[in-house]
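Please walk through this protein model with the explanation below. Keep the coordinates open as you read.

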Amino acid sequence: MRDFNCPNCGQRLAFENSVCLGCNSSVGFSLQDMALLVIAPPPESGHQGAVDESSYQLCANLHLAECNWLVQKGPVARLCTSCELTRTRPNDVDTIALSRFAAAEKAKRRLIAELYEMKLPIVGRGEDPEYGLAFDLLSSQTEKVFTGHDNGVITLDLAEGDDVHREQLRISMDEPYRTLLGHFRHEVGHYYFYRLVGTSAEYLRRSHDLFGDPDADYQAALDRHYERGAPEGWQDDYVSSYATMHPAEDWAETFAHYLHIRDTLDTAAAFGMVAAGATFDRKVRGPSGFDTIIEMWLPLSWALNMVNRSMGKDDLYPFVLPPAVLEKMRFIHHVIDEITTQPNQPAAIG
């Protein structure tokens with residue numbers, strides 16, 4: 001994520017800001033510009049870092065989802081690119097779920113911004129009713145909700161937005177890491193297997209060699225995993241124990257970690273902690289690009305882990321990336337790099 005500044009006064013801002021605490025200007029995030037812009041009256045909106053308040057406003061979910069993304073004004077209040085992708089949300093009377101809904105949408109906005117900046121196709125349900133991307137953010141207060149992915153629809157149990165509940169699950173499932181953003185990155189990995197790999201016989205063959213058969217019996221694999229656990233020595237070939245469950249989960253877990261690494265490097269580069277080559281607008285392309293990313297990531301993640309320990313906290317990135325995992329991740333990088341540099345690729349919505 002970028003390092004943001006107020007165009008009016010230069011005050012440093014976070015991705016989530018809707019008001020500058022330095023000059024009290026209203027600001028909103030522009031996905032197309034990957035920047036926070038000032039929302040100003042016409043006389044003050046004539047510079048590059050501002051938009052005219054008569055034409056732009058913040059998303060209709062400003063209060064419900066704490067959304068600070070810009071939308072064009074119209075006869076009715078509009079949702080931003082990220083909020084439009086949410087197909088189902090909690091009922092207005094479910095105040096507990098709605099508070100967690102805001103936390104989920106906050107994480108989702110980071111996901112969508114990263115996907116957009118990576119130039120990955122974000123094809124919504126309106127364009128592709130059968131396999132388009134959509135989010136069902138559901139309350140499990142009165143019914144069972146299973147977080148997962150099905151033909152482009154990502155379902156999230158909003159109980160994951162409760163820190164205590166999520167930590168209890170993390171411990172009970174012996175996971176080193178569990179966050180809302182992590183869930184979204186994993187589930188969107190399933191979506192991109194269809195959107196990227198499923199369109200190419202060559203990609204499917206190479207994926208099969210690296211990850212295994214994506215069409216293997218999923219229920220049998222699930223039953224086996226929860227009955228026996230991860231196989232002995234799994235750390236040599238997989239990024240997490242859950243990745244051992246099924247080839248589709250191995251892909252999604254590895255894809256999520258690729259997004260973790262890319263976004264963290266981008267943030268670190270914005271603050272001068274690593275070379276600018278980590279950023280999306282100045283990335284190293286071609287076969288050497290992945291090597292450059294990993295050469296920057298390994299010392300950075302080690303340093304960040306040590307910083308966390310200095311604060312008495314657990315490691316920021318409690319994972320090991322053995323050669324077999326790096327080879328899988330290299331394939332994901334290769335597919336993304338090839339597809340996002342092709343002419344006439346499906347456009348990201350926005």
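What follows goes through strands, a loop glutamate, aromatic rings and one helix residue.

The model is predicted. Start with the sheet of 3 strands, which is open and ordered β3-β4-β5. Its pairing is mixed. The edges are β3 (27-30) and β5 (50-52), and each of them pairs on one side only. Neighbouring strands here are turned by 45 degrees against each other on average, with direction ignored. Strand β4 covers residues 35-40. Its link to β5 is parallel and consists of 3 bridges. Within that link, Ala40 has Asp52 as its bridge partner in β5. Strands of a sheet pair through backbone hydrogen bonds, in either a parallel or an antiparallel sense.

Now move to strand β11, residues 153-157. How many of its residues are buried? The count is 5 of 5. In a regular strand, side chains alternate between the two faces of the sheet. In β11, one side carries Val153, Thr155 and Asp157, and the other carries Ile154 and Leu156. All of these are buried, so both faces of the strand are covered; buried means under 20% relative accessible area.

β11 pairs with β9 and with β10. With β9 the sense is parallel, over 5 bridges. Ala134 is bridged to Val153 of β11. With β10 the strands run antiparallel, joined by 3 bridges. Here His149 stands opposite Ile154. β10 and β11 also make a hairpin, with 2 residues between them. One turn residue, Asn151, has a positive phi of about 50 degrees.

The loop between β9 (134-138) and β10 (148-150) holds Gln141. Is Gln141 buried, partly exposed or exposed? Its relative accessibility is 47%, so it counts as partly exposed. Beyond its neighbours within four places in sequence, Gln141 is in contact with Asp94, Ile96 and Arg100. Ala113 is 28 residues from Gln141 along the chain, and their C-alpha atoms are separated by 30 Å.

Past β11, the chain enters the loop that leads to α3, where Glu160 lies. Glu160 has a relative accessible area of 3%, so it is buried. Which side chains make polar contacts with Glu160? Arg178 does so at 2.6 Å. His183 does so at 3.1 Å. Leaving aside neighbours within four places in sequence, Glu160 is in contact with a longer list of residues, including Thr147, His165, Arg166, Leu169 and Leu180.

Turn next to the aromatic rings. The structure holds 17 aromatic pairs. Take Tyr177 and Phe319: their ring centres are 6.1 Å apart and their planes stand at 70 degrees. That angle makes the pair edge-to-face, because planes over 60 degrees apart fall in that class. Where do the two residues lie? Tyr177 is in the loop between α3 (163-172) and α4 (180-196). Phe319 is in the loop between α8 (288-310) and α9 (323-340). The pair therefore ties together parts that are 142 residues apart in sequence. Tyr177 has a relative accessible area of 27%, so it is partly exposed. Phe319, at 15% relative accessibility, counts as buried.

Ring pairs also build a cluster. It links Tyr191, Tyr192, Phe193, Tyr203, Phe211, Trp251, Phe255 and Phe331. Charges sit over rings as well. The charged end of Lys328 is over the ring of Tyr238, 4.2 Å from its centre. Lys108 lies over the face of Phe135, at 5.0 Å from the ring centre.

Finish at Tyr218, in helix α6 (residues 218-228). Its relative accessible area is 33%, so Tyr218 is partly exposed. Not counting residues up to four places away in sequence, Tyr218 touches Tyr242, Met245, His246 and Glu249. Which of these side chains is joined to Tyr218 by a polar contact of 2.5 Å? The partner is Glu249. Thr292 is 74 residues from Tyr218 along the chain, and the C-alpha atoms of the two are separated by 35 Å.

Terms used
Residues are numbered from 1 along each chain as its sequence is written. This is a predicted model: local features need pLDDT of at least 70, side-chain atom pairs count only at pLDDT 80 or more; totals for chains, interfaces and linings use all residues. Side-chain values use heavy atoms; hydrogens and water are left out. Helices (H or I, at least four residues) and strands (E, at least two) are DSSP runs, numbered from the N terminus. Buried means under 20% relative accessible area, exposed over 50%, partly exposed in between (1.4 Å probe, protein chains only). Contact means heavy atoms within 4.5 Å. A polar contact is a pair of N or O atoms within 3.5 Å; within protein, one must be able to donate a hydrogen and the other to accept it, and residues adjacent in sequence count only if both atoms are side-chain atoms. Two strands pair if DSSP finds at least two bridges between them. Axes are lines fitted to C-alpha atoms, for helices over the stretch in contact, and angles run from 0 to 180 degrees between N-to-C directions. Rings of Phe, Tyr and Trp (its six-membered ring) pair if their centres lie within 6.5 Å; planes under 30 degrees apart count as stacked, over 60 as edge-to-face and the rest as tilted. A charge sits over a ring if NZ of Lys or CZ of Arg is within 6 Å of the ring centre and within 35 degrees of the ring normal.
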